Amino acid sequence: MTDTASELVVRKNRLRAVVSSSVGTTIEWYDFFLYGVAAATVFPQKFFPGSEPFIATMLSFSTYFVGFLARPVGAALFGHFGDRIGRKALLVTTLVLMGVATTGIGLVPSYESIGNWGAVLLTIGRVLQGIAVGGEWSGSVLMAGEWTSPKSRGFTTSFAQVGAPAGMVLANGALGLMSAVTDEQGFLDWGWRLPFLASVVLVLAGFYIRIGVHETPVFQALKDTGTLSKAPLVEVFQRNWRQIILTALLRTGQQVPFYIFTTYIITYATQQLGFSRGQILNFVMIQASISLVTIPLAGHLSDRFGRRRITAIGCVLMMVYPFIYFGVLDTRSIGLAFLAIAIALPIHDLQYGPQAAFIAESFPGSLRYSGSSLGYQLASITAGGPAPIVAALLFREYGTSTAIAVYIAISALISLVCVFLLPDNAGEGDAE
């Protein structure tokens, strides 16, 4: 094979890896976010009807949080095997597991049919979703990043991050569509279920795309040279425990605002401010659509100016913007509320865009799946999962959204400290 032909093959595999990464994470996040939107809009009435609204919302968000508790379990399980047997096989497995869990949730009978067992089955489905997402992220990032040049890794790995807002657009769009074509009772009875059942079609499409992707050159080189770790999970805790802790804390200022801006805001804007559910779902969808552009842009900027600099700017902005965000929302002006929501995620993306490369580059190739998975997903317990619950409790306790803004600002400060404690390895090659 000539050098030109060889380069064309590499480029083709590179493109396929990036597309597979983006499409796969989009499907997985669609499934995961469906639950988040339903937890804010449907589950309190259908599975906790005997509780007063605040308690029902808290119980619903608690089943939502269980998925975050399960994510580090998925990270440990899939991380170990991802460093032992390869990135590709694990990505196919996580996709199928997520599809089964999401379809099952769509079939769970309500409280009226089976009582509290409905909430139990929801929780089981949510745990399986969490395990699947816990193993998905790192595999997708490594599939994209290990096929591309270190000098463009911030940009290429950001397409795995794009899966989050893309999945959110699909999830909110699907539920928004069902809300529009059914009346209130029809949506609560059966309309919300169809987007969950539609996951089957998306998973089949994702499976077809991923099955044709080749193993990454980094993992293949480790395998060919016999330098794969025999116990990557144990070894990464022994050698890289500091990076695991710092990368988990690095995500605090990104995860807390993300789940407040996309999940809690649905409850806050409808119950406290009187906006309609359809309006807020549309606004959240629009901000996620803007993120489809701003995430790759932030990843590209991190290739040019460094992960640390771009992420630090994002942290500083996130220490200020929440006060503007809630101040504008509390005016109850529909136009101002739209503006506040629309630019929230693009500001957040200055942290999120470079994050995949920043975290993956903190670990050697032989332990990268395990280390990056654990660092990324542990933040689900400390930051993302509890964020809607903490926000609801803060508002109930203090009666003002300023308390929530302070919470987000403190989270961003934690991330800013970690930015300067982690090395910036942008543009460097793969270490084994």
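**Exercise 1. Is L329 buried or exposed, and what does L329 touch?**

*Step 1.* Start with the accessible area: L329 has a relative accessible area of 0%, so L329 is buried. Buried means under 20% relative accessible area, exposed means over 50%, and partly exposed is in between, with a 1.4 Å probe and protein chains only. The areas come from the Shrake-Rupley method with a 1.4 Å probe, and for residues only the protein chains shown count as cover.

Before going on, a word on the model: it is predicted, so local features need pLDDT of at least 70 and side-chain atom pairs count only at pLDDT 80 or more, while totals for chains, interfaces and linings use all residues. Residues are numbered from 1 along each chain as its sequence is written, and side-chain values use heavy atoms, with hydrogens and water left out.

*Step 2.* Now place the residue: L329 is found in helix 15, residues 307–329. Helices (H or I, at least four residues) and strands (E, at least two) are DSSP runs, numbered from the N terminus.

*Step 3.* Look for contacts, meaning heavy atoms within 4.5 Å. Leaving aside neighbours within four places in sequence, L329 is in contact with I265, L273, F275, A337 and I341.

*Step 4.* Finish with a distance: from C-alpha to C-alpha, L329 and L339 are 9.2 Å apart in space and 10 residues apart in sequence.

**Exercise 2. Where is S362, and which residues is S362 in contact with?**

*Step 1.* Find the element: S362 is in the loop between helix 17 (344–360) and helix 18 (368–384).

*Step 2.* Check the accessibility: S362 counts as buried because its relative accessibility is 7%.

*Step 3.* List the partners: apart from neighbours within four places in sequence, S362 is in contact with Q243, T247, L422 and N425.

**Exercise 3. Which accessibility class does D189 belong to?**

*Step 1.* Locate the residue: D189 lies in helix 8, residues 184–191.

*Step 2.* Apply the classes from the first exercise: D189 has 35% relative accessibility, so D189 counts as partly exposed.

*Step 3.* Add a distance: D189 and P109 are 80 residues apart along the chain, and their C-alpha atoms are separated by 10.0 Å.

**Exercise 4. How many helices and strands does the protein chain have, and how compact is the protein chain?**

*Step 1.* Count the elements: the protein chain has 20 helices and 0 strands.

*Step 2.* Compare the radius of gyration with the rule: the value is 21 Å, close to the 22 Å that the globule rule gives for 432 residues, so the chain is as compact as a globular protein of that length. The radius is taken over C-alpha atoms, and the rule is 2.2 Å times the number of residues to the power 0.38.

*Step 3.* Add the dimensions: along its principal axes, the C-alpha trace spans about 65 × 45 × 40 Å.

*Step 4.* Turn to burial and surface: buried residues make up 59% of the 432 residues. The accessible surface comes to about 15,900 Å², and 68% of that belongs to carbon and sulfur atoms.

*Step 5.* Consider the contacts with a separation of 6 or more: residues 24 or more positions apart account for 86% of them.

**Exercise 5. What lines the largest pocket and the largest cavity?**

*Step 1.* Get the terms straight. On a 1 Å grid over the protein atoms alone, a cavity is a set of points where a 1.4 Å probe fits but cannot get out; a pocket is an open set with protein on both sides within 12 Å along at least five of seven lines; lining residues have an atom within 4 Å of a point. Grid points are joined across faces, edges and corners, and a volume is the space filled by probe spheres set on the points.

*Step 2.* Take the pocket: about 260 Å³ of space lies in the largest pocket. Of its 16 lining residues, A40, T41, P44, Q45 and Q271 are the closest to the centre. Helix 13 gives the largest share of this lining, 4 residues.

*Step 3.* Take the cavity: about 60 Å³ of space lies in the largest cavity. Its lining includes W29, F33, R71 and Y376. Here too helix 13 gives the most, with 4 residues.
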